[in-house]
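User: I would like to go through this model term by term and hear what each label rests on. Could you set the values against the cut-offs as we go?

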Amino acid sequence: MGGGPDRSRTRASLRYLETAPHDPDLHQLVTLVAARFAFPVALLTVLDARRGPTIAVASVDVVHVDSETRHTIASVGAQLGSAPGWTALTDEVARTARPLVAGHLVDTGTGVPGMRAYVAAPLWDSTGTVVGTLCLVDTRPRTVTGQQLDELVSMAAVVQRQLERLRTSTRLGPSGVLTDAHELANAVVRGQVVPYYQPVVELSTGEAQAVETLARWVHPTRGVLVPGHFLGLAEDTELVIDLDLAVLGRAAVELAQWRGGYPGLRLSANISAKHFNHPDCVSRLTAAVASVGVPPSAVTLEMTEPALMAAHVGGTSYFAALHEQGFRVLLDAFGGGVGERSQLRSEDVLRLPVDGIKIDRAVCSQLGTRVGDAVVRGLVDLARGQDLHVVISGLETTEQAELAQQLGCTHGQGYLWAPPVPAADFAGLLVAP
């Protein structure tokens, strides 16, 4: 769980893999690179210290070749991801941070039958870490001139800028917010709003005990959008109810599969205060998970303070009904905006029958300072006084995790282990978070 270069590369790679495969402009760029150099295969790979080089975007031209070569190219493209020789070549680019030309390869050197030429340029992130490669592959030996290699490096810089644009676009503020409710409604119906997953780890063992599901909109033209782009619109129109239920239901399907190998794994899901405007909200939340075989007792519903108060208004409380079904309820973003007045408000909220708290990432960011440590210790003591489960979010370094544990936190979540990732990538985190 160290915070060295390899761990940094893993965190960066997952950020890029979250967006790159879905971006049409990036696919077009890689296709243009293949065409420019007349290579049948062009690849954008992302380097992951845990899994090795992962193909993020591939362009395989099987049109302008004869049938025998077409079959060989398809075979090469299918086998690259698991070829040890190809991994070694990619690692060489990462290690030296320099372009590489291997124009006359033999089978025994690559592990990929039919691959004879490999040319690659490194891709850097904003910190100067090599996070991937732009590479060309051919089924025949190739000679690449110095001028061509320089041109590939220049084109890699363009791809690199597009990768950075994608990474930062997922954090845009109001200028990137969508305003078309009809488009969002259609996206929910079509299954474009999907769950991404982040592990919740037991700090004493490093094992994933739960998974939080976080909504992502896989937009057909804008790539993967985070909630900041669409959640405000969903809240304003009450589409957030359908969105929450759709994401929760799909996450329950995937949780049911994971629990086959990890029976104790739990699911955490954020839900909006809007649910409690409707008297059938508990039955709908229950049906979303129970209909696919997940017991509500395996699900924690995370609510912000406004949602908690909405669930307990006018003498009518939904907490009893949620607990009766088996759900746990966790107060999200606890301690955010720390100060005496907000602390008193949190104490009032904790008088409600919640089962746990999640300490806000803004508090976590102050770990290691006198004030920050005192705040975390105070929040933990407040929660322990009412026998509440404690999770701290926003952990990014082993030092933060160790300090949080010393201050009484039992579970943690953050980029130290992984950013939110799609279901296909989460299964590996269960083995080694």
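Analyst: A helix here is a DSSP run of H or I with at least four residues, a strand is a run of E with at least two, and both are numbered from the N terminus. The model itself is predicted.

User: Where does Ala 38 lie, and what makes its phi stand out?

Analyst: Ala 38 lies in the loop between helix 2 (24–37) and strand 1 (41–48). Its phi is near 55°, which is a positive value in a residue other than glycine.

User: What is the phi of Ala 333, and where is Ala 333 placed?

Analyst: Phi of Ala 333 is also near 55°, again a positive value in a residue other than glycine, but this alanine has its place in strand 13.

User: Why is Ala 333 called partly exposed?

Analyst: The relative accessible area of Ala 333 is 35%. Buried requires under 20% and exposed requires over 50%, so a value in between is called partly exposed. Ile 55, which is found in strand 2 (residues 52–60), gets the label by the same reasoning, since its relative accessibility is 30%.

User: What makes helix 9 largely enclosed by the rest of the structure, and how does its reach compare with the expected span?

Analyst: Of the 20 residues of helix 9, 14 are buried, and therefore the helix is largely enclosed by the rest of the structure. From its first C-alpha to its last, helix 9 reaches 29 Å, which is close to the 28 Å expected at 1.5 Å a residue.

User: Which residues of helix 15 are buried, and how far does the helix reach?

Analyst: Helix 15 (residues 370–384) has 15 residues and reaches 21 Å between its first and last C-alpha atoms, close to the 21 Å expected. Its buried residues are Gly 372, Asp 373, Val 375, Val 376, Leu 379, Val 380, Leu 382 and Ala 383. As general background, an α-helix has 3.6 residues a turn, so residues three or four places apart point the same way.

User: How many aromatic pairs does a search of the whole structure find, and why is the pair of Tyr 197 and Trp 258 given its particular label?

Analyst: The search finds 5 aromatic pairs. Tyr 197 and Trp 258 have ring centres 4.9 Å apart and 85° between the planes. Centres must lie within 6.5 Å for a pair, and planes over 60 degrees apart count as edge-to-face, so this pair is edge-to-face. Because Tyr 197 lies in strand 6 (residues 193–202) and Trp 258 in helix 9, the pair ties together parts that are 61 residues apart in sequence. Both rings belong to buried residues, with relative accessibility at 0% for Tyr 197 and 11% for Trp 258.

User: Why is the pair of Trp 258 and Phe 426 called tilted?

Analyst: The centres of Trp 258 and Phe 426 are 4.9 Å apart, with 50° between the planes. That angle is neither under 30 degrees, as stacked would need, nor over 60, as edge-to-face would need, so the pair is tilted. Phe 426 lies in helix 17 (residues 423–431) and Trp 258 in helix 9, so this pair ties together parts 168 residues apart in sequence. Phe 426 counts as buried, at 0% relative accessibility. Ring pairs link Tyr 197, Trp 258 and Phe 426 into a cluster.

User: How do you know that Arg 142 lies over the face of Phe 39?

Analyst: Arg 142 is at 4.1 Å from the ring centre of Phe 39 and lies over its face. The distance cut-off for CZ of Arg is 6 Å, so the pair meets it. Arg 36, over the face of Phe 37 at 5.9 Å from the ring centre, meets it as well.

User: How much space lies in the largest pocket, and which residues lie nearest its centre?

Analyst: About 890 Å³ of space lies in the largest pocket. Its lining has 34 residues, and Glu 212, Leu 214, Pro 227, Asn 270 and Asp 332 lie nearest the centre. The lining divides into 17 nonpolar, 7 polar and 10 charged residues. Among the elements that each supply at least two lining residues are strand 7 (207–219), helix 9 (239–258) and strand 13 (328–334).

User: What lines the second largest pocket, and which strand gives the most to the lining?

Analyst: The second largest pocket holds about 280 Å³ of space. It is lined by 17 residues, with Arg 266, Thr 300, Arg 328, Leu 330 and His 389 closest to its centre. Strand 13 gives the most to this lining, with 3 residues, and the lining divides into 5 nonpolar, 7 polar and 5 charged residues.

Note on methods: Residues numbered from 1 in each chain as written. Predicted model: local features only at pLDDT ≥ 70, side-chain atom pairs only at ≥ 80, totals over all residues. Heavy atoms only, no water. 1 Å grid on protein atoms, 1.4 Å probe; cavity = no way out; pocket = protein on both sides within 12 Å on 5 of 7 lines; lining within 4 Å. Points joined across faces, edges and corners; volume = space filled by probe spheres on them. Nonpolar A, V, L, I, M, F, W, Y, C, P; charged D, E, K, R; others polar. Expected span 1.5 Å × (residues − 1). Buried < 20%, exposed > 50% of the residue type's maximum accessible area, 1.4 Å probe, protein only. Phe/Tyr/Trp six-rings, centres within 6.5 Å; stacked < 30°, edge-to-face > 60°. Lys NZ or Arg CZ within 6 Å of the ring centre and 35° of its normal.
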